[in-house]
Amino acid sequence: MRKPDYTQLIKVLKKQVPDRPTLFEFFLNEELYNLLNNNEAPVRGDGFDRLRKVIYAHKNAGYDYVTTHASDFGFPAGEQAHISTKSLNEGYVINDWESYEKYKWLAPSEFSTKQLEACAADLPEGMKYVVFGPNGVLENVIVLTGYDNLCGMIYDEPELAQQIFDDVGSRLVEYYELIADYDSVCALISNDDWGFKTQTMLSPAQMRQYVFPWHKKIVEVGHKANKPVFLHSCGMLEEVMEDIITDMNYDAKHSFEDVIMPIEEAYEKYKGRIALLGGMDVDFVCTATTEEIAARAHAMLERAQTDGGYALGTGNSVPYYVPVEKYLAMIDVVRKG
């Protein structure tokens, strides 16, 4: 069986050619975790057995790392009625200064990172953590304020909008500071959806004012600890890619859709400047034949063989509705290639 080697992912994130084709996925789903784990993960009954299951699922699938949260830290908000049809305007808790003053801000230091320590000994040789956040700067602000409210607030109460962004951003920086120096952590993910299919959720100017400064600080935290940091963000980000590369200094970008920019086009446009991860569009993986999936995955790996900076995976993640055989057809190009 293929042995984990996290340094292969690091080579990809450094825009280098890995020694062998490398896989990357943000997260899978419970069906796949159960299938791929194959009852191999140790069961210790300490509250962290699910993470051990995810670790062994990643190992058995051929990944060189495992993605995880570091703690239960987050930004509590109101309840949303539907999980699968999440509204950007539902469950908000801050819409004016009065509600802002009532909100109880939590600190990352209040939450234990024990899971990283408790499961470190269970990481197979050659495997390390890639840690992601409790969503990102813009996503958490939208959860707290609602999207429509936020858009109005930026014009009507810009000082309040700035304060909320600063409160969220500073706490996310602290979250990453708490984990960046862990030896068991090899890279950080800053996960924050910024766009719709045709444009960014706020104007580029507003993104540069409210959102990007905090992302730049998150990248600085990782780089200070000598850890690569990459951005997971959905949507049309073409207008801000230069910011991502040259201002925020992200090492890699994840999340691609064919209707926005196919991974092949993105790779040719940005290779050598930023690493690109995944890109096998989720809709394509669901609807194409296993032969078509394998052929596209193989062709993408061939495309990146000379210039490097690419790891194979889906465009976003592997939700429950992706047929198992389609997912396996994609990763088997690497596992059995």
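A residue counts as exposed when its relative accessible area is over 50%, and as buried when that area is under 20%. Keep those two cut-offs in your head for this tour of a predicted model.

**Stop 1: two asparagines in a loop**

Select Asn38. You'll find this residue in the loop between helix H2 (30-37) and helix H3 (49-61). Its relative accessibility is 52%, so Asn38 counts as exposed. Now look at the backbone: phi of Asn38 is near 55 degrees, a positive value in a residue that isn't glycine.

Move along to Asn39, which also sits in the loop between H2 and H3. Is Asn39 buried or exposed? It's exposed, with a relative accessible area of 76%. Asn39 isn't a glycine either, yet it has a positive phi of about 60 degrees.

**Stop 2: the whole chain**

Zoom out and show everything as a cartoon. You're looking at 14 helices and seven strands. The radius of gyration of the chain is 20 Å, close to the 20 Å that the globule rule gives for 337 residues, so the chain is as compact as a globular protein of that length. Turn the C-alpha trace around and you'll see that it spans about 60 × 45 × 40 Å along its principal axes.

Switch on the surface next. The chain exposes about 14,500 Å², and carbon and sulfur atoms supply 49% of that. As for what's hidden, buried residues make up 58% of the 337 residues. Take the contacts with a separation of 6 or more: residues 24 or more positions apart account for 74% of them.

**Stop 3: the sheet**

Colour the strands. In what order do the seven strands line up? They form an open sheet in the order S1-S2-S3-S4-S5-S6-S7, with parallel pairing. At the edges are strand S1 (65-68) and strand S7 (310-311), each of which pairs on one side only.

Try selecting strand S3 (residues 185-191) together with strand S4 (residues 229-232). These two pair in the parallel sense over four bridges. If you want a pair of residues to point at, Ser190 stands opposite Leu231 in S4.

Now add helix H8 (residues 158-179), which packs on the sheet and touches strand S2 (128-132) and S3. The direction of H8 makes about 170 degrees with that of S3. Then add helix H11 (residues 263-270), another one packed on the sheet, touching strand S6 (275-277) and S7. For H11, the angle with the direction of S6 is about 170 degrees.

**Stop 4: Thr68, in an edge strand**

Select Thr68 in strand S1. With 7% relative accessibility, Thr68 counts as buried. Which residues is Thr68 in contact with, once you leave aside its neighbours within four places in sequence? Show the side chains of Leu51, Gln115, Leu116, Tyr129, Val130, Val131 and Phe132 to see them.

**Stop 5: Ser184, just off a helix**

Follow the chain to Ser184, in the loop between H8 and S3. Ser184 has 13% relative accessibility, so this one counts as buried too. Setting aside neighbours within four places in sequence, Ser184 is in contact with Leu116, Ala120, Leu123, Lys128 and Tyr129.

**Stop 6: Gly309 and a long jump in sequence**

Pick Gly309, in the loop between helix H13 (290-303) and S7. Gly309 is buried, with a relative accessible area of 3%. Draw a distance line from its C-alpha atom to that of Gln16: the two are separated by 5.2 Å, although the residues are 293 apart along the chain. Not counting residues up to four places away in sequence, Gly309 touches Val12, Lys15, Gln16, Tyr267, Ala275 and Leu276.

**Stop 7: looking for disulfides**

Finish by selecting the cysteines. How many disulfides does the structure hold? Zero. To see why for two of the cysteines, start with Cys186: the closest cysteine sulfur to its own is in Cys119, 16 Å away, which is too far for a bond. Cys186 is buried, with a relative accessible area of 4%.

Then click Cys234. Its sulfur is 15 Å from the closest cysteine sulfur, in Cys286, and that's too far for a bond as well. Cys234 also counts as buried, at 14% relative accessibility.

Terms used
Residues are numbered from 1 along each chain as its sequence is written. This is a predicted model: local features need pLDDT of at least 70, side-chain atom pairs count only at pLDDT 80 or more; totals for chains, interfaces and linings use all residues. Side-chain values use heavy atoms; hydrogens and water are left out. Two strands pair if DSSP finds at least two bridges between them. Contact means heavy atoms within 4.5 Å. Axes are lines fitted to C-alpha atoms, for helices over the stretch in contact, and angles run from 0 to 180 degrees between N-to-C directions. The radius of gyration is taken over C-alpha atoms; the globule rule is 2.2 Å times the number of residues to the power 0.38. Buried means under 20% relative accessible area, exposed over 50%, partly exposed in between (1.4 Å probe, protein chains only). Accessible areas come from the Shrake-Rupley method with a 1.4 Å probe; for residues, only the protein chains shown count as cover. A disulfide is a pair of cysteine sulfur atoms within 2.5 Å.
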